[in-house]
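Colleague: I would like to learn how to read the packing features of a model such as this one, beginning with its aromatic rings. Could you take me through them one at a time?

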Amino acid sequence: MNKQTNTDFIDLVHSIISNFIEENYGEKKSISSVPDPDTLRKEIDFTLGKKHSLNQMKEFIHQYMDHSVKTGNIHFFNQLFSGFSTLGYTGDAIVAATNASMYTYEMSPAATLMENELIQKMCQLIGYGNGGGTFVTGGSNGNFLALLAARHKQNPDSKLKGLFNQRRLVGFVSKDSHYSMLKAANQSGIGLNNIIQIPVDSNGKMRLDYLESNIKKVKGRGEIPFFVAATAGTTVRGAFDSINEIGDLCKHHNIWFHIDGSWGGAVLFSSKHQSLINGLEKSDSFTWCAHKILGVPIICSLTVVKDRSILETINQVSGTDYLFHNDGHMDLGHLSLQCGRRVDVLKLWLIWKYYGDSGLGKKIDRLFDLASYAKQKVTVSPLLVLIPPVEFLNICFQIKPKNIPDKNLNSFNILVRNQLIKEKGIMVNYANIGKITCIRLITTNLDLQKTHIDLFFESLHTVVDELTS
């Protein structure tokens, strides 16, 4: 393309995106059903090889956007992220246009200073006096990075010699922890069999008595307990493990204490709800996904550590002199799992800069209020039963009509969920808690209002009436 064609096409794409946002993210807009793969293949030519004109490319862009799930829609309750951020979108567009990488200060001078400032601010909020950190490609990689740091602290020789002929390292996570913990055990060489999943109580919190007894058993076998991961906001129930008590236990046994705050980490900004993470400063590492609540476009995740030196220790290897010149003290690539790394900091920095600490705190508090409102809608309904207590922004409930046998309730809840999407354009997820399949409503869209929650429950009751009449 020549320069003028580039500009004209970019203007056209910006116009398409603006129309998409206006048409799909308004209050009265619904979410279209997800087509099956065969239908989608008939509508869009996914094959590669032939050359196409810009007009044809414009049509492909339209088709892609038409068939995208509208996660910014006010009626999207399906995942742990939702909503649209103008500043977040702006940050992503700038990053794509500038197309830099975070490995050296030379390539990303302003972004490097932004990231350093933001990481230090996070350390201040958490209580890490001399901490450090890095952005990662999602909470899963953040948890992996923490596990690597814990492995190195316990067994520094593993970086050079591996884990062969060494005493077994054993980690502990709750049964409700994110599956990335198990993946990290595989990827780090610890092994799945060396991660003990601790039972949770009726509220979904890690059982401290089981954790302590298992640590003692591991020590009794001559193995090394090296890592404990607590969860601040579990995926299904939104439960917060007892961070303060687990921190004391880990300190007593000299075990690396990680907190997976991928989902619930944003309570850091809320003075009203910060008690959920009391004891955070006792941890050694903390992972947070800013894209899950603040409306920041995916991906925007970071891991912060109490000992700032350990990230460079575990990531630095030889053969990097072509990239890191001079002393390289400002080059963030030394701290990262990756070489090339996108400038994810900008979109979060813009949002934080605009709202400030107090503004972000107010937004988090309002989401808690909406979750409480949704909980109340469940508890007053004779049709709905709250499954776990509501501690965060997850409202898990089961639909229990009187004329549906108990043995059919799980499949009935899935049917209602699917009909909500198909008939009402409202997308909500379902999950299993024990043997109970329940609806999992998430109040994470910053534009959400009580009227939207009212509409959700009105629509749900209508669908149930239709299916049971």
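Modeller: Let us begin with the rings, bearing in mind that this is a predicted model. Counted by ring centres that lie within 6.5 Å, the model holds 14 aromatic pairs. One of them joins F269 and W352, whose rings are 5.0 Å centre to centre with 80° between the planes, and because planes over 60 degrees apart count as edge-to-face, that is the label this pair receives.

Colleague: Which parts of the chain does the pair of F269 and W352 tie together?

Modeller: F269 sits in the loop between strand 6 (256-261) and strand 7 (285-289), whereas W352 belongs to helix 12 (residues 345-379), so the pair links parts that are 83 residues apart in sequence. F269 is buried at 8% relative accessibility, and W352 is buried as well, with a relative accessible area of 9%. Elsewhere, F20, Y25, F84 and Y89 form one aromatic cluster, to which we shall return when we reach the pockets.

Colleague: How many disulfides are there, and how should I read a cysteine that is in none of them?

Modeller: The count is zero disulfides, and for an individual cysteine one looks at the distance to the nearest cysteine sulfur. For C300 that sulfur belongs to C289 and is 8.7 Å away, while C300 itself is buried at 1% relative accessibility. The sulfur of C438 lies 4.5 Å from its closest cysteine sulfur, that of C396, and this is too far for a bond, since a disulfide needs the two sulfur atoms within 2.5 Å. C438 is buried too, its relative accessible area being 0%.

Colleague: Which residues touch the most other members of the largest nonpolar core?

Modeller: They are M122, W288, L348, F397, I399 and F456, in a core of 113 residues. Helix 12, which we met through W352, gives the most to this core, with 13 residues. L348 shows how such a residue is surrounded: leaving aside neighbours within four places in sequence, L348 is in contact with L118, F135, W288, A290, L294, V296, C300 and L302, a list that includes the buried C300 discussed above. Another core, of six residues, lies apart from the largest one, and F9, V13, I17 and F20 are among its members.

Colleague: What should I look for in a single buried residue, A149 for instance?

Modeller: One asks where it sits and what it touches. A149 is found in helix 6 (residues 139-154) and counts as buried at 0% relative accessibility. Apart from residues up to four places away in sequence, A149 touches W256, I310 and I314.

Colleague: And what of the empty space, both enclosed and open?

Modeller: Rolling a probe the size of a water molecule over the atoms reveals where space is left empty. The structure holds one cavity of 30 Å³ or more, and the largest cavity has a volume of about 40 Å³. The lining of that cavity consists of T134, F135, V136, T137, N141, S336, L337 and Q338, with the largest share, three residues, coming from strand 2 (residues 132-136). The largest pocket holds about 820 Å³ of space; of the 28 residues that line it, Y25, F84, Y89, D92 and P297 are the closest to its centre, and Y25, F84 and Y89 belong to the aromatic cluster mentioned earlier. Helix 1 (3-24), helix 3 (54-66) and helix 4 (86-98) are the elements that give two or more residues to the lining of this pocket, and helix 1 supplies the largest share, six residues.

Note on methods: Residues numbered from 1 in each chain as written. Predicted model: local features only at pLDDT ≥ 70, side-chain atom pairs only at ≥ 80, totals over all residues. Heavy atoms only, no water. Phe/Tyr/Trp six-rings, centres within 6.5 Å; stacked < 30°, edge-to-face > 60°. Helix = DSSP H or I, 4+ residues; strand = E, 2+ residues; numbered from the N terminus. Buried < 20%, exposed > 50% of the residue type's maximum accessible area, 1.4 Å probe, protein only. Core = buried A, V, L, I, M, F, W, Y, C linked by side-chain atoms within 4.5 Å. Contact = heavy atoms within 4.5 Å. 1 Å grid on protein atoms, 1.4 Å probe; cavity = no way out; pocket = protein on both sides within 12 Å on 5 of 7 lines; lining within 4 Å. Points joined across faces, edges and corners; volume = space filled by probe spheres on them.
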